[in-house]
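Me: I'm new to reading protein structures, and I'd like a close look at a single part. Could you pick one residue, walk me through its surroundings, and then show me a little of what lies elsewhere?

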Amino acid sequence: MSNKTLAQWSAMADGLQIEARAFIDGEYVAAASGNTRPTINPANGATLAHVASCGPEDADRAIASAKAVFEAGTWANLAPADRKKVMVRWAELIEANAEELALLESLDVGKPISDTLNVDVPSAARTIRWSGEAIDKFYDEVAPTSHDSLALVQRLPLGVVAAIVPWNFPFSTTAWKLAPAIATGNSVILKPASNTPLTAIRLAGLAKQAGLPDGVLQVLPGPGGSLGSHLARHMDVEGLTFTGSTPVGKTLMEYSGQSNLKRTFLELGGKSPNIVFADANLDKAAAMAATAVFYNGGQTCTAGTRLLVERSIHDAFIAKVIEHAKGWMPGNPLDPATSMGPMVDEAQFNTVAEYVRIGLDEGATLAFGGKRVACVDGGHFHEPTIFTGAHNKMRIAQEEIFGPVMTVIPFDTEADAIAIANDSIFGLAGAVWSRDINVAHRVAKAVRVGTMGINNYFGGDMTVPFGGFKQSGNGRDKSMHAFDDYTELKTTWIEFE
Ligand code: NAP
């Protein structure tokens, strides 16, 4: 744990050497076109680096390299115990370079340094180590066949996998994709989000240093519309793993159908219900209700943006939540005391501001926040914001805002709470707060989401799968279940003479 001050982090940032090239076939290289795109520090608008902007030509070169190393079996046919060694070394290198990675992520995304250092970077290292450690303990199956036959059910890697990730948790989301895909023997081409490519680029160099063969991991920064769609439509890409918005996820499914039916797994948006019953531990529930929305500036797919509160405690409970919201005022991300940074860019800030306007037009009450905050010149900082007097048909209750905006909806009965919670196109996450074990379990089971907390929000670790129901996606990151997204099941049937 670092105890650097704002001044020390700022000095370290000034001296940072930023690698901004693509990583293809084991080398850092410029885009074939020579094109670059500036990546901007959202806290102050400064240009951090001019990053290689790759296109189809670079993708074709990377895919050829990925395919060649896969077919040679250099990595795919390595004993799982040997793959494990490389992945554990890779995790150790992430830990050894934790401060640099945390700083890069904070500068590129606007995340508070205390989060990138204590959450994002350790979580990425843990993900890579966990998948590496798991892979040599993972047995295939022998089917229960008759006495004169034997059937093996084996998991085989897909081949070349493209991973396309968003900007809100760039480093940890990347690790959730790379760790199971690479552990199972695939060759992966990673396309980071255009506005947050820096830690992904650095991660590739550490993988090489750890001993990952050239071509097994390649990182291509570039635009989703041209580079991303080229990867998603390519006939030699056998798997596509995506985290991002629901509209882009739907397009990627179409690309799969138009090309080679590549296995396509999606982790998409959310509008998660956080349900508080009158008998809950209200102090803890209020603190976590604020954390559930304002952590990472609300730029979190699982954010508990719909706060469903039993009507009998509504006013007193919201007063407590507002007190906690005051602790989430944004600040300079490099200040270790900051809990919330800026919106990732001006477009995202404008989206949030537009939804505040929509909420007011729809007749909701602005109970807290709602405005820009002047923190650091050139940054896009938004107050934590709470709407009360809302109902679930409002756009601020149905649409993903992806900012620090909470919509509070009262309910009267357990059945009411479940019906409101499930009245959403999304099904990613949620939580229920009650001291009654019967209510808590009934509600947790009835709400149609991939992850549900009971008396906590954001619970979970590498041991459990993560993913969505409904239009929140179809894949699962984390745990042994993530291996399903990156492998085919192969049956070999033997008959004895
Ligand atoms: P996005 O616009 O869907 O972009 C995600 C990625 O897809 C970026 O790398 C983007 O590239 C690329 N892309 C865009 N259009 C593409 C296309 N036509 N073909 C191929 N790739 C394309 O999402 P975002 O705004 O970055 O991220 C926010 C969204 O991610 C939210 O909806 C959030 O809920 C979701 N999310 C979900 C999870 C989860 O696990 N369920 C976790 C985190 C975030 P460019 O950057 O170049 O546009």
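Reply: Let's begin with Thr 116, which sits in helix H5, the stretch covering residues 113-135. Keep in mind that this is a predicted model. The relative accessible area of Thr 116 is 0%, and because buried means under 20%, this residue counts as buried. What does its side chain meet? A polar atom of the Thr 116 side chain lies 3.0 Å from the backbone oxygen of Ala 102. Ala 102 also appears among the contacts of Thr 116 once neighbours within four places in sequence are left aside; the others are Glu 105, Ser 106, Lys 111, Val 121 and Pro 122.

Now try another helix, H7, which spans residues 198-210. From its first C-alpha to its last, H7 reaches 19 Å, close to the expected 18 Å for its 13 residues. Here 11 of the 13 residues are buried, so H7 is largely enclosed by the rest of the structure. Among those buried residues are Leu 198, Arg 202, Gly 205 and Ala 210. Right after H7 comes Gly 211, with a positive phi near 110°.

Finally, look for an open sheet of 3 strands, ordered S5-S6-S23 and paired antiparallel. Its edge strands are S5 (141-142) and S23 (487-495), each of which pairs on one side only. Strand S6, residues 149-157, is joined to S23 by 9 bridges. To see this pairing up close, find Val 153, which stands opposite Thr 491 in S23.

Key
Residues are numbered from 1 along each chain as its sequence is written. This is a predicted model: local features need pLDDT of at least 70, side-chain atom pairs count only at pLDDT 80 or more; totals for chains, interfaces and linings use all residues. Side-chain values use heavy atoms; hydrogens and water are left out. Helices (H or I, at least four residues) and strands (E, at least two) are DSSP runs, numbered from the N terminus. The expected span of a helix is 1.5 Å times one less than its number of residues. Buried means under 20% relative accessible area, exposed over 50%, partly exposed in between (1.4 Å probe, protein chains only). Two strands pair if DSSP finds at least two bridges between them. A polar contact is a pair of N or O atoms within 3.5 Å; within protein, one must be able to donate a hydrogen and the other to accept it, and residues adjacent in sequence count only if both atoms are side-chain atoms. Contact means heavy atoms within 4.5 Å.
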